[in-house]
Amino acid sequence: MKESLDHIRDEILRLVKQATSPDALEQIRVAALGKKGQVTALMKSLGGLDPEARRSQGAALNRLKDEVETAIGHAARRLEDAALAARLAGVAEGPHIEDDFYNFTALNIPPEHPARQEQDTFYLRERPDGSRKVLRTHTSPVQIRTMMRDKPPLRIIVPGRTFRSDHDATHSPMFHQVEGLVIDKSTHMGHLKGCLIEFCRAFFDIDDLPVRFRPSYFPFTEPSAEVDIGCSREGGGLKIGAGGDWLEILGSGMVHPKVLANCGLDPAEYQGFAFGMGIERIAMLKYGIPDLRTFYESDLRWLRHYGFLPLDLPSMTGGLGQ
């Protein structure tokens, strides 16, 4: 009996190790441990054995079942990690130092726009031709580079550092944004709304979170909309998801035809949507963090207080979390 169980175990573990997808792994689990599975059938056969044999074989089958369940659990985590790595490998990135064209002109931002002024933007030294590179003020240049390089349909997520000449409790000279871009022949405003409503409710973990789209203006989208979520400010505090107030969290809209044309795409053929948000800002709202500057102070007490610390490091005396 032992040799038979060893053979069954080796074969199941071999299949588990070779599984290349969650669906394939689930089929292996059902074939081994499901109601009609191989191990389950052996467990059911124990009733026909004498007490001593039932006890001995039952213990062996329980060990086999535990070993198979453990192997399947490890394989599931392996496949999840691989799937996440594959998705992250497809995230679009771009340089921190940008040309004026990618950061402003291609995005339909006119020469007189306030964002181009030195009080808002970090400019590098003037080059021999009179032009000046900038520290990118948003992650949108990556959208331009992607549309100029790749042929639609396009679906990208763009995270990264951005830089603006601003510094106070809610602004930092360096911060992070994440943007999304979809370009094809049929995507419309309804798809944008559905995508962002699902995101907001998932991020704040509130299934019925009120979400509204308020008409706005951005040079690179038309129509444009600010996205607000429901909140309450009673008692001087902020509570997401309840009450009669609204809180703006991100900007969005349909990609402007001029932006498409600047990237070599025919606006009569292609359309799509884009959205963007500050990563620190939405984290501050979710976790009740009052000051943006604390993100960059490398204080372990702050990390522990907000539950961001991945390692169980020794406690520090005083301050947050004490």
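## Overall shape

Let us start with the protein as a whole: its radius of gyration is 27 Å, whereas a compact globule of 322 residues would have one near 20 Å. Along the principal axes, the C-alpha trace spans about 90 × 55 × 45 Å. Please keep in mind that this is a predicted model.

The secondary structure comes to 10 helices and 10 strands. Among contacts between residues at least 6 apart in sequence, 57% join residues that are at least 24 apart.

## Surface and charges

How much of the protein counts as buried? Of the 322 residues, 36% do. The accessible surface comes to about 18,500 Å², and 54% of that surface belongs to carbon and sulfur atoms.

The protein carries 40 positive and 44 negative charges, and the mean positions of these two sets are 4 Å apart.

## A look at E98

Now for a single residue. E98 is found in strand β1, which covers residues 97-98. Is E98 buried or exposed? E98 counts as buried because its relative accessibility is 0%, and the cut-off for buried is under 20%.

The side chain of E98 also has a partner: a polar contact of 2.9 Å joins it to the side chain of R145. Setting aside residues up to four places away in sequence, E98 touches N103, K133, V134, R136, P141 and R145. R145 therefore appears both in the polar contact and among the residues that E98 touches, while E98 itself is buried at 0% relative accessibility.

## A look at H191

H191 has its place in helix α7, made up of residues 189-203. With a relative accessible area of 39%, H191 is partly exposed, because that value lies between the limits of 20% for buried and 50% for exposed.

Which residues does H191 contact, leaving aside its neighbours within four places in sequence? They are S186 and F273. As for V211, which is 20 residues away along the chain, its C-alpha atom is separated from that of H191 by 15 Å.

## Helix α9 and its surroundings

Helix α9 takes in residues 279-287, and its buried residues are E280, I282, A283, M284 and L285. What do these buried residues pack against? Their partners are the strands β5 (174-184), β8 (239-240), β9 (245-255) and β10 (271-278), together with helix α7. Helix α7 is also where H191 sits.

Just after α9 comes G288, whose phi is positive, near 70°.

Technical notes. Residues are numbered from 1 along each chain as its sequence is written. This is a predicted model: local features need pLDDT of at least 70, side-chain atom pairs count only at pLDDT 80 or more; totals for chains, interfaces and linings use all residues. Side-chain values use heavy atoms; hydrogens and water are left out. Helices (H or I, at least four residues) and strands (E, at least two) are DSSP runs, numbered from the N terminus. Buried means under 20% relative accessible area, exposed over 50%, partly exposed in between (1.4 Å probe, protein chains only). A polar contact is a pair of N or O atoms within 3.5 Å; within protein, one must be able to donate a hydrogen and the other to accept it, and residues adjacent in sequence count only if both atoms are side-chain atoms. Contact means heavy atoms within 4.5 Å. The radius of gyration is taken over C-alpha atoms; the globule rule is 2.2 Å times the number of residues to the power 0.38. Accessible areas come from the Shrake-Rupley method with a 1.4 Å probe; for residues, only the protein chains shown count as cover. Lys and Arg count as positive and Asp and Glu as negative; His and the chain ends are not counted. The place of a charge is taken as NZ of Lys, CZ of Arg, CG of Asp or CD of Glu.
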